[in-house]
Amino acid sequence: METIKASDFKARCLAILDRVQATGEPVLITKRGRPVAELSPVRQTGPEYPQTQLKGTVTVLGDVVGPAVPEEVWEALRR
């Protein structure tokens, strides 16, 4: 595991984040020689978005844009 000073991490943060994501290797961040944080890549356990689990589970039966009830039953149109 690579070790880096907090001051160096602050100066090159985005490049270090990109490297951790690309290589999967964690980085230990130290302050005054003592470890204060460990930067590691996120472990994806499931689909990227929860909505992807729903793909293919919906069947469209009618107009999805029009009103749910006919205009004849709208009280606002009676006045």
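**Strand pairing**

I began with S2 and S3, which pair in the antiparallel sense over 5 bridges, where two strands count as paired if DSSP finds at least two bridges between them. Strands and helices are taken here as DSSP runs (E, at least two residues, for strands; H or I, at least four residues, for helices), numbered from the N terminus. I noted that this is a predicted model, in which local features need pLDDT of at least 70 and side-chain atom pairs count only at pLDDT 80 or more, while totals for chains, interfaces and linings use all residues. Residues are numbered from 1 along each chain as its sequence is written, and side-chain values use heavy atoms, with hydrogens and water left out.

Within the S2 and S3 pairing, I looked up Ile 29 and found that its bridge partner in S3 is Ala 37, and I found Lys 31 standing opposite Arg 34 of S3. The two strands form a hairpin with 2 residues between them, and Arg 32 in the turn has a positive phi of about 55°.

I then turned to the pairing of S1 with strand S2 (residues 27–31), which runs in the parallel sense over 4 bridges. Thr 3 has Leu 28 in S2 as its bridge partner, and Lys 5 has Thr 30 of S2 in that role.

**The sheet and the chain**

Taken together, the 3 strands form an open sheet of mixed pairing in the order S1-S2-S3. Strand S1 (2–5) and S3 are the edge strands, each pairing on one side only. I also looked up the angle between neighbouring strands of this sheet, which is 30° on average with direction ignored; the axes are lines fitted to C-alpha atoms, for helices over the stretch in contact, and angles run from 0 to 180 degrees between N-to-C directions.

For the protein chain I recorded 2 helices and 3 strands, following the pattern β-α-α-β-β along the sequence. The radius of gyration is 26 Å, well over the 12 Å that the globule rule gives for 79 residues, so the chain is more spread out than a compact globule; the radius is taken over C-alpha atoms, and the rule is 2.2 Å times the number of residues to the power 0.38. The C-alpha trace spans about 75 × 35 × 20 Å along its principal axes. Buried residues make up 13% of the 79 residues, with buried meaning under 20% relative accessible area, exposed over 50% and partly exposed in between (1.4 Å probe, protein chains only).

**Salt bridge**

My search of the whole structure gave 1 salt bridge, defined as a side-chain nitrogen of Lys or Arg within 4 Å of a carboxyl oxygen of Asp or Glu. Glu 2 forms a salt bridge with Arg 19, their closest N and O atoms being 2.6 Å apart. The pair links distant parts of the chain, since Glu 2 is in strand S1 and Arg 19 in helix H2 (residues 13–23), 17 residues apart. Glu 2 counts as partly exposed because its relative accessibility is 33%, and Arg 19 is likewise partly exposed at 32%.
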